[in-house]
Structures are given as C-alpha cells and as structure tokens.
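User: Could you take a close look at how one chain in this model packs against its partners and against itself? I'd like the contacts, the buried area and the charged pairs in one connected read.

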Amino acid sequence: MTMTTMTNPATVSTVPGLTAPTPTALTETKTLTMSKAINEGLRQAMLEDPKVVLLGEDIGALGGVFRVTSDLLAQFGARRIIDTPLAESAIIGTAVGLAYRGYRPVCEIQFDGFIFPGFDQIVSQIAKFHYRTQGAVRMPITIRVPFGGGIGAAEHHSESPEAYFTHTSGLRVIAVSNPQDAYSLVRQAIASDDPVLYFEPKRRYHVKGEVVPELGPPMEQAVIVHPGTDVTLLAYGALVSTARDAALAAADEGVSIEVIDLRSLSPVDYAAVEASVQKTGHLVVTHEAAQSGGLGGEIIAAVTERCFNYLESAPLRVTGFDVPYPPAKLESYHLPDLDRILDGVDRVLGRR
Amino acid sequence: MSDSSPQPVQLLSLDGERMPHGDFDPWVADLDGPALLALYRDMVVVRRIDTEATALQRQGELGLWPPLLGQEAAQVGSARAVRTDDFIFPSYRENAVAYCRGVALTDIVKVWRGNAQSGWDPYTVNMATPAIIIGAQTLHATGWAIGAQNDEVDSVAITYFGDGATSQGDVNEAMVFAASFQAPVVFFCQNNQWAISEPVRVQAHRNIADRAPGFGIPSLRIDGNDVLAVMAATRIALDRARTGGGPTFIEAVTYRMGPHTTADDPTRYRDPAELAEWKTRDPLLRLHRLLTLLGEITPEVAEATQALADAAAAELRAGCIGMPDPEPLSVFDHVYATPNATLERQRTDYAAYLTSFGSSDQSGEGR
Amino acid sequence: MIQVFKLPDLGEGLTESEIVAWLVAPGDEVTLNQHIADVETAKAVVELPSPVAGVVRVLHQPAGVVVQVGEPIVTFDIGGAAEPDSAPTPEVEDATENSAVTEEPSPTEQREANLVGYGPAVERGGHPQRRARPGAVAAAPSAPDPAPTPAKSGGERPRSTPPVRALARDLGIDLDTVAGTGLDGLITREDVRAHISESVPASDQHEVADSSGAPTATPGTQPGTERETRTPIKSLRKLTAAAVVQSAFTAPHVTEFLTVDVTPTVELLDSLRADRQFADAGIGILAVVAKALCLGVDRTPAVNTRWDEPAGEIVQYNYVNLGIAAATPRGLLVPNIVDADRLDLRGIAAALAELTTAARAGTTAPAALSGGTITITNIGVFGIDAGTPILNPGEAAILAMGAIRVLPWEYRGQVALRKVLTLSLSFDHRLVDGEQGSRFLADIGTILADPARVLTMV
C-alpha cells in the first residue's frame with residue numbers, strides 16, 4: 001500500500017448541485033455503526049492509495065443501498081467511485097482489467113444472491129491469475145458482499161455463499177462481525193495483494209461499536225471474543241454476537257463456552273482453533289449457510305485430523321438446513337439462534 | 001463510421017490488385033513495397049510456426065495446438081498496427097499476434113505443452129496470456145481501457161475473440177461498459193465462420209458487425225484475409241480510441257482453414273467445397289500476388305523468406321522438445337501473493353510424502 | 001543410428017488406426033515433417049508427418065493394416081553419431097514403451113489426446129501395484145494393542161473417546177475387558193482407572209509396608225468350576241510374567257549371600273532420628289542400603305551395565321537409576337529413582353518415600369517404570385531373610401534386602417545379641433564375574449557393618 005500525502009481530492013460530482021461537506025478520515029476512536037465503520041475504512045484506504053477505486057451498482061450518488069459508500073463520491077469523484085451498469089460479471093471483469101493497470105479495485109456486489117453472475121470472473125479469472133502467470137500478474141481486488149439473513153427479505157437477499165469461495169484456491173475470504181473488524185479488515189483486504197472476498201453481515205449493519213482507527217491483528221487471525229474452558233464455539237459474521245449471547249446465557253448454568261470469531265474463512269486460523277480445542281476438548285461450529293458442504297464440515301475434518309486425541313466428544317455443527325433460503329416467515333427456524341446453539345453445546349457436553 | 005454493408009471492406013483483391021476505398025486508403029498509404037514485404041514475411045513465418053506446432057502435436061510433443069491457418073492476415077495486420085504501450089487481450093488462438101509482439105517461440109508453446117498455465121509475463125510484451133474462458137478477456141480489456149482513461153494516457157486496449165464468443169454474456173456486457181464509459185477499447189472479432197462444429201449462423205442471425213451499433217459502438221466489417229484492410233481498420237479504430245472517440249468493433253471476415261484444435265476432425269461437419277472455396281482467398285496468396293506485381297518477390301527474397309521460416313520452425317521445435325518438465329513441488333507455487341498457512345502445510349506434507357519413497361527422483365511412476 | 005517411430009495418437013481419441021497408404025518405401029530419404037503416410041481414424045484420413053530426417057529402413061506394417069497406438073510402424077536411420085541428448089531407442093519388440101521420437105519415454109504419448117489436451121493416461125492393466133517405499137512397511141501409527149481378548153458379547157467394539165483410548169493404550173489395558181459406566185456403556189477415564197485398581201494381585205507379590213489391598217475379583221473373570229477359579233492372563237500380570245521369564249531364561253543368574261551385623265547402622269539411624277536436622281528426613285535402613293549400593297557401583301561399575309545383544313555391545317551406565325521393587329494395587333512394579341547416585345542420604349530417603357506413596361496409591365507414572373539400571377528389592381518387610389531374586393530385565397544386578405533379626409552373633413570376640421540382616425545379590429554372569437559380584441556385595445556389607453568405613457571407600 002502506498003502512502004501518499006493527503007491532497008485535496010477532486011470534488012467532481014456527476015449530480016449537479018450536490019454539495020456535501022468533505023468528511024475527514026477517522027483520526028480518533030469513535031462509536032460507529034458497522035456500515036459507517038466500513039465507510040470510514042474505505043475512505044482511509046482511498047486517501048492512502050490513489051489507485052483504490054470502487055465499482056458497483058448505486059454506490060455513487062445513492063451511496064449504496066445500505067449507504068456503506070455514502071459521501072465517497074463527493075469526496076473522491078466519479079473516476080474513483082464508479083456507478084456501473086447492471087452487470088455483475090462486468091463489474092468483476094472490468095476490475096480485472098483495472099488490476100492489470102495497477103489499480104486496487106473494490107467491487108461491491110449489491111446482495112449476496114447476485115454474486116453468481118460474476119462467479120465465473122471470480123473463480124475462473126481473479127482466483128487463478130497469480131497462479132496462471134506464475135506471479136507476474138496480481139489481482140489485489142476486494143469484493144465486498146453483504147451476506148446472510150435475518151432481515152425478512154425476498155429471495156436471493158439472504159444468502160451465505162462463502163463456501164463456494166473458500167473452496168476456490170487463490171482467493172482469501174473474510175467475514176466480519178463487528179464495527180471494529182469491519183473498519184480494520186476492509187483496510188487490510190484492500191491492502192492485500194491477494195484477491196479478497198469480504199463478507200459483511202447485513203443484519204448487523206446498524207449495530208454500533210467502538211472503532212479505533214488502526215489495522216488491528218492480521219486478517220488471517222481468529223479472535224477469542226469470549227474466553228471459556230468447557231467447549232469451543234466457532235462462529236463468523238452475524239452469528240458471532242449470537243454465539244457470545246449463548247455463552248453469556250450458558251454461564252448462568254455453569255457452562256463455560258469459549259467463543260472464537262474466525263474472521264478469516266480462508267485460510268482458517270487453525271493454530272487458534274487447535275489451542276482452544278486442546279484446552280476444552282469439545283467443539284461446536286455454527287454458520288447460517290447450509291450444513292452439507294459448508295465450512296463447518298471442513299473445519300471439523302481438519303480439527304479431527306489435528307486434535308483427535310483431545311476430543312472428548314464428536315464435534316458438532318449448528319447450521320442452516322439443507323434448503324434454499326426460506327421465505328421471511330420461516331427464516332427464524334432456519335437460522336441458528338441462541339437456543340439451537342446451546343442445544344448443540346448440550347449435546348457435545350453430554351448434557352443431553 | 002459504421003459499415004454494415006453485406007460486403008466486407010476489401011483493399012486487396014484475390015488476384016492481388018489494389019482496390020481503392022476512399023475512407024480506408026489514407027490509413028495504409030504509408031505501406032510501400034518493403035513494408036508490404038515485411039507483412040508478408042510475418043505471415044509466412046507465422047504460418048510455418050503454426051504448421052510446425054501442429055506437427056509437434058502429432059508427434060506427441062504438445063498436448064494441444066489451436067491452429068490459426070487461414071487467419072494470418074487478420075492477426076498480423078492488426079497486431080502490427082498496435083503500439084507497444086497499448087495492451088492486447090487475446091483469446092487462445094492469437095499466436096501470430098504473440099509472435100508479432102515479440103514473445104519467444106518457446107514461450108508461445110509452453111502452455112500448449114502443459115508446462116505452465118501461461119508462457120510469458122504479460123507486462124514484458126503488453127499482451128495478456130491466452131484466455132480459455134470464451135469472451136472473458138473482453139471485460140478485462142474494457143477495464144484496462146477505463147483505467148487508461150482514468151490515467152489520462154492515450155494507450156488503447158484491443159481484445160481478440162471469435163464469432164462464437166459474441167454469444168457470450170461477457171462480450172455483450174463488455175460492450176455495454178465500453179459504450180457507457182466511452183472506453184478506449186477495440187473489439188476485434190475474427191469471424192472465422194466456425195465455433196468448433198457450429199457455423200456462425202447459429203451464433204448470429206445477422207452480420208456480427210451489426211451488433212455493436214446496437215450498443216452504441218461503431219463497427220467496421222472487413223475482409224479478414226486482406227492484410228491491408230485489416231491494418232487500415234485497426235488503425236482507424238485505434239486512432240478513434242486514442243483521440244477520445246471511444247470504442248470500435250471490427251468484424252474481420254476470415255476462415256478457419258484447419259481444425260478447431262489438433263484433436264478436432266472438421267471433416268465430420270464441414271463441406272470440403274467450402275474449404276476449397278476459401279483456399280482461393282488465402283491471405284498469403286493474394287499478398288504474394290501483389291508483391292509479385294510490385295516486383296518485390298525476387299529469388300533472393302523468396303530464399304531469405306524461406307530461410308526465416310525454417311529457422312523459426314527449427315527454433316520452435318528445439319525449444320519445445322528441450323523444455324524441462326516442472327518440478328513436482330512447484331504445483332504449490334504462486335497460488336497466493338501472500339503466505340497461506342494451510343497451503344504451506346499441504347506442501348510440507350506432500351514433500352515429506354515424496355521423500356518417503358527414498359530416491360532423489362521424485363517424478364513418480366506413471367505420470 | 002536407428003530410430004523407431006511408433007504410431008502416435010493423432011488426436012482422435014482412438015486406440016488404433018489403419019494405415020491407408022505409405023508414401024515412402026524402405027531406402028527413401030525423408031525430411032523432417034515430410035508427409036510419409038496416410039492414416040485413417042474414423043472417417044478422416046490424417047497425414048502423418050515424419051518426426052525425423054533420415055532414411056527409411058523398415059516399414060513395419062503394410063498399408064491396409066490396423067495398427068495399435070504405440071506399435072512401431074517405421075524405423076529410420078537418422079545417420080551420424082548419437083547426439084549428446086539422444087540415447088539409443090528402446091528395442092523394437094518392447095511394445096509397451098511409449099514414444100519413439102524423443103529418447104526419454106514421454107508420458108504424453110501413452111495417452112489419447114482430446115480436444116483440449118493430452119487426454120487421459122492409458123491404463124497399464126495387470127495387477128495394480130503401489131509404489132515401493134524403502135525399508136519395512138511402517139507399523140500402524142497407533143501403538144499396537146496387547147494381544148486381543150475375546151470381544152464382548154454381541155461382537156461390538158468397545159465404545160470410548162479418543163483421549164481415553166490413548167490412556168488405555170499407554171497402560172496396556174484392553175478396552176474389551178473394561179466395563180463402561182458412561183452413557184450407553186461408554187468407557188470413561190474413570191472406568192479405565194478403576195479397572196487397573198481392581199486387578200487381582202497374585203500371592204507372591206512384594207508389598208510395600210502395610211498395603212491393605214484386599215483382592216477383589218477382576219472384571220472379566222470367567223467363572224470356572226467350584227473347585228477352581230479362572231482369571232484371564234492379562235494386563236500387568238501378563239507383562240510381569242513375560243518380563244521375569246525373559247530375564248530368568250536369558251541371563252545366567254548367580255546369587256551370593258552376605259549376612260551382616262548392621263547394629264552400627266541401626267544406631268546411626270537412631271541418632272539421626274534424634275537429631276533435629278534429620279528427624280523429619282525419614283531415613284531408614286533401605287535408604288542406607290541404597291546409598292551403600294550407589295557407592296558400591298562406583299567401585300564395581302560392572303554391576304551397572306546392560307547386555308545389548310543386537311548391537312553386540314555391553315553398555316556401561318554412567319549414572320544410577322535405582323529401581324525399587326514395589327507392590328502396588330496393580331501388581332509388582334519397579335519404579336526407579338533417577339540419578340540416585342547424585343542424591344545424598346536425605347534425598348534418597350525422600351525419593352523412596354515419594355515412590356512408596358505413589359505405589360500405594362496406584363499413581364506411579366509410566367515414565368518412572370522405565371530406564372532403571374539396577375534394583376533393590378526389600379523382602380525384609382515380609383520378614384524374609386534371603387532369596388534368589390530375578391533380575392529386572394535389562395539389568396545386571398539385583399539386591400534383595402532381608403529383615404533385620406536380632407540374633408546371637410560374634411561381637412568383639414564374644415557372643416552377643418546383634419541386629420543382623422542378610423543381603424542376597426543376584427547378578428548376570430555374562431556381565432559380572434564372581435570376583436566383581438563378591439566385591440560389590442562385600443562393599444555394601446562393609447558400609448552397613450561400619451558406616452564410618454565409608455571414608456576409606458570414597
């Protein structure tokens with residue numbers, strides 16, 4: 001990442017009459033919503049490196065359907081905040097061309113379920129360029145994806161497609177769970193020379209948290225958000241706070257759950273997971289995505305290989321069902337909640 | 001300057017006669033005898049390379065080769081118009097373009113031999129490596145062009161693809177973006193009439209060149225076997241892009257004289273009469289006729305050209321056969337630009353596995 | 001120089017082709033890539049380009065014949081000396097070889113090319129074989145279980161968890177013989193531990209002090225007839241039996257006896273007990289014997305050795321890991337005190353106490369059971385005077401310490417009641433000869449008879 005002096009960014013705007021005050025970069029700790037934290041992270045990345053450009057539908061004047069990119073167009077101009085035609089494959093494919101020219105494109109996919117038209121460019125092109133060209137061509141592209149359910153939406157707006165991408169070599173996959181990580185990891189993702197799928201839990205966009213303007217621990221690292229001794233509970237995205245709530249409720253019954261926020265889904269921080277499982281001897285993994293072929297299976301297989309003699313019981317997954325994401329009136333049954341997570345904990349601890 | 005007339009623009013007749021064309025003539029006025037001879041030499045050499053590579057595949061030295069036989073003028077005429085700071089985004093058949101760009105012959109065949117997924121560093125020749133996914137490269141070219149626009153340089157992206165590719169979503173999306181941003185990109189379609197076994201009429205219900213104006217992109221329809229027309233059209237398009245005029249679509253009407261790839265059998269689906277007809281429109285033949293008329297083809301020239309072709313073929317053969325096989329553990333190289341603990345562990349495990357067989361030879365059996 | 005050209009795959013994905021026509025004949029000179037034959041695949045006739053420049057020597061198949069891919073079809077003489085990078089081609093009759101053009105067999109030419117590449121590798125046929133690894137086949141990664149006992153009723157494998165299985169393996173317990181008290185008959189850690197402490201001790205075990213250990217029935221005891229009771233040979237009993245058998249019938253045992261008037265030592269111990277500095281040190285006769293033994297080892301190192309038959313070497317230990325035979329709830333164990341020769345009397349006493357406590361509690365660590373170099377067995381606690389102890393396998397000597405008896409003994413030329421103890425030393429005559437064994441025993445006796453004499457020996 002190149003450090004440039006903070007020049008006055010062009011305030012060219014495509015919308016006549018649009019005058020917004022030029023926001024300053026985050027310089028001190030603030031309480032922010034997750035969407036605002038991402039906004040600040042994007043702003044900081046764009047200030048630091050003139051090669052960072054954003055592409056996506058409605059990210060300019062509208063500031064994105066979740067307002068994550070608000071005010072950036074006014075600050076950085078239409079050449080760096082690009083409202084694209086409605087074509088996901090082209091959003092990703094033109095980002096490839098920009099990366100060829102040394103840009104660091106940040107693509108926004110408006111909703112998780114719309115990533116699939118761009119799937120080929122992500123998997124056949126972006127993921128493979130570095131390998132294909134033996135390192136000559138880099139794809140420092142970040143693809144931001146609001147993901148997950150719990151917002152009572154219509155079809156295709158509540159997907160959890162992360163497993164398709166963790167299964168694709170050449171990609172890094174991140175899922176944030178809180179405003180601090182949202183800020184820090186979007187900056188790290190943009191700065192990384194590898195392509196990064198950056199998943200934002202959309203039902204947590206409005207949750208507030210303290211944000212320190214720092215990069216924080218490396219994005220490959222998982223973080224223990226609630227230490228414990230009886231069972232290891234792995235989560236990511238929106239379910240991290242659900243998992244933490246479950247740990248607090250379980251403490252009332254004398255059960256001590258260690259909650260780990262994976263943050264990085266590819267690669268997984270197995271060192272942290274192993275250390276925890278060696279301590280507790282029990283493992284539960286939870287995700288919204290469907291069970292079969294999901295990340296839970298991969299992680300549990302790896303943990304079984306690495307920590308077999310420490311496992312006092314079989315690891316267990318608490319996940320969405322193997323169904324297409326259900327309609328709004330049924331989604332509460334499908335999504336893992338505190339009770340289902342604790343039910344899983346009970347099973348691994350032999351309490352039921 | 002849209003041109004959707006049924007007859008593609010031709011500056012050179014089958015007999016080698018120079019046909020005047022008011023709009024195109026100024027763009028090739030500089031091509032004197034020596035310049036035309038240079039183009040001819042290029043085409044002879046690339047044809048010879050193509051033939052040699054086909055033979056090498058028949059001899060088991062290459063896994064695959066996509067012949068460009070018949071498309072020499074389309075590729076050479078356009079490639080020689082492109083500037084070194086422009087960037088080329090080809091499909092997988094533009095090996096004549098790679099040659100013109102200065103890619104070493106051994107590097108051209110590296111990917112077809114299976115030693116690597118690509119043969120050269122794109123930045124050394126400003127040409128991307130062959131693209132197997134049909135049409136994907138057109139988006140890359142458009143993005144590059146948007147970047148050039150942002151950077152306020154007058155470099156242009158040119159992307160090659162075939163008639164079949166124009167059916168792919170990516171190609172159409174690329175044209176949407178190119179038009180919307182008025183990006184400096186040239187869409188160069190070699191309509192060689194066939195996409196494996198599917199004739200072009202399955203892909204397009206009207207001339208392919210007619211599509212682009214629908215997106216707001218002017219198009220040129222030219223005789224792809226006429227190196228003069230190709231060069232003129234490419235120059236027109238490049239100039240338009242350089243001067244802020246936005247994208248252009250060129251349909252070069254040509255013919256795939258060989259199979260789709262070396263494992264294809266066109267006799268199963270093509271009429272031999274069609275092949276015979278296109279043989280009369282051979283791009284080298286008509287340029288040779290023009291050069292003969294101009295007195296450029298002397299015995300010395302003929303001999304020198306032959307020698308050049310032979311030398312290229314020999315270099316290609318030697319380079320291909322002499323290519324060392326990649327080391328087993330290199331399968332793990334360059335997946336990421338940054339370290340990845342899980343992959344490193346796999347690599348370590350596999351290295352230990354290979355070592356467990358005791359010998360220093362790690363190539364294994366039956367590979 | 002001869003080169004054989006075998007029919008390559010021509011990219012049609014077929015395994016055979018018909019030679020339609022030869023365009024050359026033996027004796028013809030051909031150039032590289034010259035069209036030398038027409039070969040038919042499916043309905044297409046394909047031109048075969050010559051892979052070399054040279055002279056045609058042999059056409060192996062006439063026109064009209066169907067040839068398998070890989071079969072030789074033409075032999076060329078390419079003339080001249082062999083080039084540095086070319087080696088003589090494989091013999092013509094070796095039909096299983098691959099390409100003939102390049103010298104090293106190119107794996108690609110075994111394959112049938114397809115539209116997009118070399119195509120799948122050709123199956124070799126024959127019995128599948130794996131790639132050989134040097135050395136013996138590696139043992140299974142997990143430690144081998146003890147000899148399998150009959151499965152429980154129903155033929156089900158015992159259910160347990162990975163850590164408990166690992167524990168059972170380390171202790172030599174067969175899970176088939178353990179009753180599970182967990183959910184659905186799961187064998188728990190406690191079940192394994194309970195199983196150990198319930199092992200029936202045999203009648204000739206040595207016990208440490210007042211071990212209570214009322215023998216309870218071993219789980220898994222098969223009821224026999226009224227007149228006899230049967231117990232499966234397993235666990236520690238089995239291991240112990242194997243050990244003593246191996247020791248007894250491998251090492252030639254010699255046992256020597258020495259009866260010593262240990263009254264001065266007893267008096268020394270009394271005075272130590274009365275001394276505030278040593279009162280709580282718990283130094284007893286066994287500690288003194290142990291100390292004396294270590295000093296004796298120093299003077300006769302041969303008793304602290306091992307016979308390494310496979311290596312053909314005698315190993316001289318330069319340290320003393322002193323084993324103390326102990327009766328534990330599990331059975332006879334010989335935990336050892338590491339580097340006993342470095343410990344002072346107080347240290348030895350403390351180590352002995354610790355060892356005893358652990359043995360009684362059944363918590364002796366497995367690590368303590370290995371690495372011993374010489375052993376003491378205290379038969380005196382049973383009121384026994386002497387015996388012919390069997391060497392701990394791998395050791396050269398074992399000293400049995402008898403009970404202290406008050407006996408009439410010679411003292412200063414008179415008969416007096418003295419405290420007397422017999423030492424019985426068995427040693428491996430391969431490693432220790434009579435003189436050495438005697439001297440060693442005599443040294444220990446000397447120290448016990450007159451502790452002050454130590455000054456002359458160190």
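Analyst: Here's a walk through the contacts of chain A, going from its partners to its own domains and then to a couple of single residues. Keep in mind that this is a predicted model.

Let's start with chain B. On the chain A side 46 residues are in contact, and they meet 42 residues of chain B. Together the two chains bury about 3,700 Å², with 56% of that on carbon and sulfur atoms. Three residues stand out here: A:Tyr100, A:Arg101 and A:Tyr131 supply 20% of the area that chain A buries against chain B, more than any other three residues.

On the polar side of this interface, the rule finds 3 salt bridges between chain A and chain B. One of them pairs A:Lys51 with B:Asp151, and the closest N and O atoms there are 3.7 Å apart. That pair passes because the cut-off for a salt bridge is 4 Å between the nitrogen and the carboxyl oxygen. There are also 23 residue pairs in polar contact across the interface of chain A and chain B, counting pairs with both residues at pLDDT 80 or more.

As for which elements do the touching, strand S3 (81-83), helix H3 (88-100), helix H4 (119-125) and helix H5 (129-132) of chain A each bring at least two residues to the side that touches chain B. H3(A) gives the most, with 11 residues. Sorted by class, that side of chain A holds 18 nonpolar, 16 polar and 12 charged residues.

Now for chain C. Here 5 residues of chain C are in contact with 5 residues of chain A. The area buried between chain C and chain A comes to about 450 Å², and carbon and sulfur atoms give 52% of it. C:Thr161, C:Pro162 and C:Pro163 supply 72% of what chain C buries against chain A, more than any other three residues.

If you're after charged pairs, the rule finds 1 salt bridge across the interface of chain C and chain A. It joins the side chains of A:Glu312 and C:Arg189, at 3.3 Å from N to O. The polar contact count between chain C and chain A is 1 residue pair, again with both residues at pLDDT 80 or more. Helix H1 (residues 162-171) of chain C provides the largest share of the side that touches chain A, with 3 residues. By class, that side of chain C has 3 nonpolar, 1 polar and 1 charged residues.

Next, chain A against itself. The domain assignment splits out domain 1 (29-211) and domain 2 (223-348). Their C-alpha centres lie 26 Å apart, and the contact takes 26 residues from domain 1 of chain A and 22 residues from domain 2 of chain A. Between them the two domains bury about 1,800 Å², 50% of it on carbon and sulfur atoms.

The rule finds 2 salt bridges across the interface of these domains. One of them links A:Arg263 with A:Asp181, where the closest N and O atoms are 2.8 Å apart. Polar contacts between domain 1 and domain 2 of chain A come to 14 residue pairs, both residues at pLDDT 80 or more. On the domain 1 side, helix H6 (162-166), strand S6 (172-175) and helix H7 (179-191) of chain A each supply at least two residues. S6(A) gives the most to that side, with 4 residues. The class split for domain 1 where it touches domain 2 is 11 nonpolar, 9 polar and 6 charged residues.

Two single residues round this off. A:Ser169 sits in the loop between H6 and S6 of chain A. It counts as exposed because its relative accessible area is 53%, and the cut-off for exposed is over 50%. Leaving out residues up to four places away in sequence, A:Ser169 touches A:Ala127, B:Val335 and B:Tyr336. Its C-alpha atom is separated by 10.0 Å from that of A:Pro267, which is 98 residues apart from A:Ser169 along the chain.

Over in chain B, B:Thr305 has its place in helix H13 (residues 299-321). B:Thr305 counts as buried because its relative accessibility is 6%, with under 20% as the limit. With residues up to four places away in sequence left out, B:Thr305 touches B:Tyr40, B:Arg41 and B:Val44.

Note on methods
Residues numbered from 1 in each chain as written. Chains lettered and ligands numbered in written order. Predicted model: local features only at pLDDT ≥ 70, side-chain atom pairs only at ≥ 80, totals over all residues. Heavy atoms only, no water. Contact = heavy atoms within 4.5 Å. Buried area = accessible area lost by both parts, 1.4 Å probe. Polar contact = N/O pair within 3.5 Å; in protein donor to acceptor, adjacent residues only side chain to side chain. Nonpolar A, V, L, I, M, F, W, Y, C, P; charged D, E, K, R; others polar. Domains from an automatic or database assignment. Buried < 20%, exposed > 50% of the residue type's maximum accessible area, 1.4 Å probe, protein only.
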